[in-house]
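I opened the model today to note down, entry by entry, what I looked up in it. I begin with a single residue and work outwards from there.

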Amino acid sequence: MVNLPVAHQPRPFLPELSEFFAGITPFASLRPIFERNLMRIEDEVTEDHYELRAEIPGIDPARDVHITVNDAQLTVKAERTERAEVNARSEFSYGAFLRTVTLPAGANEDDITASYDRGILTVRVPLSQNPSGARQIAIQGSEDNAG
C-alpha cells in the first residue's frame, strides 16, 4: 500500500472568528477583513478568446468599475460604497478591489468588451489565430537521431 501525500486547502485567516463576526449584526461588516479573496475571479482561454469573470455584486458598473489594458496587462478595479440607515443609526462601509492579469499571446487589446449581469463582470478579449510574430520553428537533426 502506497501512502500518498494529502493536499491541504488553504483556509482564511481565523475562519472561526470570521463566522463569529458574521453572526453579530454590528460586527458583520468586519467579516471581509478575515476573508482571503475579496474579488473572486475565474478565467478561461479558448481558441478564439480569453474570458475573465469577476464576482462583484452590489456595485454600479458604470460608476464603480474601471477596466484598463496596457502592455498585455488587464486591470479590473472596483470600488464599493454602501450606506445603510437603521433605527436612526447609519452605517457606512466601503472597499476597493484591484486585480491584474496577464493576457495570453495573441490578445487583441483593441477589441476588448465588458458586460455586467447579476453581480458578475465579464471581460472578453478576442485572440488572433496567429499571434503577432508567432511562427513555427523547424527542428534540425541528423537521420542518425531518428528513431
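**Entry 1: Thr-68.** I keep in mind throughout that this is a predicted model. I looked up the accessibility of Thr-68 before anything else, and it comes out at 46%, which means that Thr-68 counts as partly exposed, since that class runs between the 20% and 50% cut-offs. Thr-68 belongs to strand E3, which covers residues 65-70. When I set aside residues up to four places away in sequence, I find Thr-68 touching Gln-73, Leu-74 and Thr-75. I also looked up its separation from Glu-109, which lies 41 residues away along the chain, and the two C-alpha atoms are 9.9 Å apart.

**Entry 2: the sheet that holds E3.** I then asked which strands accompany E3, and found an open sheet of three strands in the order E3-E4-E5, paired antiparallel. E3 and E5 are its edge strands, each pairing on one side only. On average, and with direction ignored, neighbouring strands of this sheet are turned by 10° against each other. Between E3 and E4 I noted six bridges in the antiparallel sense, and Ile-67 stands opposite Val-76 of E4.

**Entry 3: Ala-72.** In the loop between E3 and E4 I came to Ala-72. Its phi is positive, about 65°, although Ala-72 is not a glycine. I wrote this down because most residues other than glycine have a negative phi. Ala-72 has a relative accessible area of 26%, so I list it as partly exposed.

**Entry 4: the other sheet.** Which strands make up the open sheet of four? I read the order as E1-E2-E7-E6, with antiparallel pairing. At its edges are strand E1 (40-45) and strand E6 (113-117), each of which pairs on one side only. The twist from one strand to the next averages 15°. Strand E2 (residues 49-55) and strand E7 (residues 120-126) run antiparallel and are joined by seven bridges, and within this pairing Glu-55 has Ile-120 as its bridge partner in E7. E6 and E7 also run antiparallel, with five bridges between them, and there the bridge partner of Ser-115 in E7 is Thr-122.

**Entry 5: Arg-118.** E6 and E7 form a hairpin with two residues between them, and Arg-118 sits in the turn. I looked up the backbone of Arg-118 and found its phi near 55°, a positive value in a residue other than glycine. Is Arg-118 buried or exposed? The relative accessibility of Arg-118 is 80%, so it counts as exposed.

**Entry 6: Glu-51.** Back in strand E2, I stopped at Glu-51. Its relative accessible area is 12%, which means that Glu-51 is buried, the limit for that class being under 20%. I therefore looked up which polar contacts accompany this buried acidic side chain. The side chain of Glu-51 makes a polar contact of 2.5 Å with the side chain of Arg-53, and another, of 3.1 Å, with the side chain of Arg-124. Leaving out residues up to four places away in sequence, Glu-51 touches Glu-42, Asp-43, Glu-44, Thr-122, Val-123 and Arg-124.

**Entry 7: the core and Val-76.** Next I looked up the largest nonpolar core, which has 17 residues. Those with the most contacts inside it are Tyr-50, Leu-52, Ile-56, Val-76 and Leu-121. E2, strand E4 (73-86), strand E5 (89-102) and E7 each supply at least two residues of this core. For Val-76 I listed the contacts beyond four places in sequence, and among them are Met-39, Leu-52, Ile-56, Ile-67, Phe-97 and Leu-121.

**Entry 8: the whole chain.** Finally I stepped back to the totals. The protein chain has three helices and seven strands, and along the sequence they follow the pattern α-α-β-β-α-β-β-β-β-β. Of its 147 residues, 20% are buried. The accessible surface comes to about 11,600 Å², and carbon and sulfur atoms account for 50% of that surface. Among contacts between residues at least 6 apart in sequence, 42% join residues at least 24 apart.

Technical notes:
Residues are numbered from 1 along each chain as its sequence is written. This is a predicted model: local features need pLDDT of at least 70, side-chain atom pairs count only at pLDDT 80 or more; totals for chains, interfaces and linings use all residues. Side-chain values use heavy atoms; hydrogens and water are left out. Two strands pair if DSSP finds at least two bridges between them. Axes are lines fitted to C-alpha atoms, for helices over the stretch in contact, and angles run from 0 to 180 degrees between N-to-C directions. Buried means under 20% relative accessible area, exposed over 50%, partly exposed in between (1.4 Å probe, protein chains only). Contact means heavy atoms within 4.5 Å. Accessible areas come from the Shrake-Rupley method with a 1.4 Å probe; for residues, only the protein chains shown count as cover. A nonpolar core is a set of buried Ala, Val, Leu, Ile, Met, Phe, Trp, Tyr and Cys residues joined through side-chain atoms within 4.5 Å. A polar contact is a pair of N or O atoms within 3.5 Å; within protein, one must be able to donate a hydrogen and the other to accept it, and residues adjacent in sequence count only if both atoms are side-chain atoms.
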